[in-house]
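Work through the exercises below with the model open. Each task is followed by a solution in steps.

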Amino acid sequence: MNYQARRELLIRIIPRYREADRNRKRTILDEFVSSTGYSGKYAIRLLYLKNPPLAKEIKETPGTLLWPSGSRNNQIGLVSNKLYCF
């Protein structure tokens, strides 16, 4: 399941989870954890967010270059899994 699909599922589940009683919350949480692959504690944190992220908001993935192509590409080197500018 990709990031956007997990966020869409989260947005749909939050209202049900918040209105449910304790036993139903456990069932909803177990289903959410099994379908997303999140750990239980992280899933609980997501389900109690005051402002859940929108499914459309996808931030840039780590590792993408922040500069336009060709501007500083020659000055960047990857050394021991860290990004250094020369």
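**Exercise 1.** Which helices do the buried residues of helix 3 pack against?

Solution. The model is a predicted one.
- Start with the buried positions: in helix 3 these are Ala43, Leu46 and Leu47.
- Next, look at their directions around the axis. Ala43, Leu46 and Leu47 span an arc of only 95°, so they lie on the same side of helix 3.
- Now find the partners. The buried residues of helix 3 pack against helix 1 and helix 2.
- Finally, turn to the face of helix 3 that points away from the buried side: the exposed residues Lys41 and Arg45 are found there.

**Exercise 2.** Describe how helix 1 and helix 3 pack, and decide which class the angle falls into.

Solution.
- Two packed helices are described by the angle between their axes and the distance between the axes.
- For helix 1 (residues 3-19) and helix 3 (residues 40-47), the angle is about 75° and the axes are 9 Å apart.
- Angles of 65 to 115 degrees count as roughly perpendicular, so helix 1 is roughly perpendicular to helix 3.
- List the residues in contact. Helix 1 contributes Arg7, Leu10, Ile13, Ile14, Tyr17 and Arg18, and helix 3 contributes Tyr42, Ile44, Leu46 and Leu47.
- Sort this contact by class: eight residues are nonpolar, two are charged and none is polar.
- Compare with Exercise 1: Leu46 and Leu47 are among the buried residues of helix 3, and both also belong to the contact with helix 1.

**Exercise 3.** Locate the salt bridge of the structure, and state whether its two residues are buried, partly exposed or exposed.

Solution.
- The structure holds one salt bridge.
- Its partners are arginine 26 and aspartate 30, with 3.0 Å between the closest N and O atoms.
- Place them in the fold: both residues lie in helix 2 (residues 22-36), four residues apart, or about one turn of the helix.
- Check accessibility, where partly exposed covers the range between under 20% and over 50%. Arginine 26 has a relative accessibility of 48%, so arginine 26 counts as partly exposed.
- Aspartate 30, at 40% relative accessible area, is also partly exposed.

**Exercise 4.** What pattern do the helices and strands follow along the sequence?

Solution.
- Count the elements: there are three helices and two strands.
- Read in sequence order, they give α-α-α-β-β.
- For the whole protein of 86 residues, 23% count as buried.
- Among contacts with a separation of 6 or more, 45% join residues 24 or more positions apart.

Terms used: Residues are numbered from 1 along each chain as its sequence is written. This is a predicted model: local features need pLDDT of at least 70, side-chain atom pairs count only at pLDDT 80 or more; totals for chains, interfaces and linings use all residues. Side-chain values use heavy atoms; hydrogens and water are left out. Axes are lines fitted to C-alpha atoms, for helices over the stretch in contact, and angles run from 0 to 180 degrees between N-to-C directions. Angles under 35 degrees count as roughly parallel, over 145 as roughly antiparallel, 65 to 115 as roughly perpendicular and the rest as oblique. Contact means heavy atoms within 4.5 Å. Ala, Val, Leu, Ile, Met, Phe, Trp, Tyr, Cys and Pro count as nonpolar, Asp, Glu, Lys and Arg as charged, and the others, Gly among them, as polar. A salt bridge is a side-chain nitrogen of Lys or Arg within 4 Å of a carboxyl oxygen of Asp or Glu. Buried means under 20% relative accessible area, exposed over 50%, partly exposed in between (1.4 Å probe, protein chains only). The arc is that of the directions from the helix axis to the C-beta atoms.
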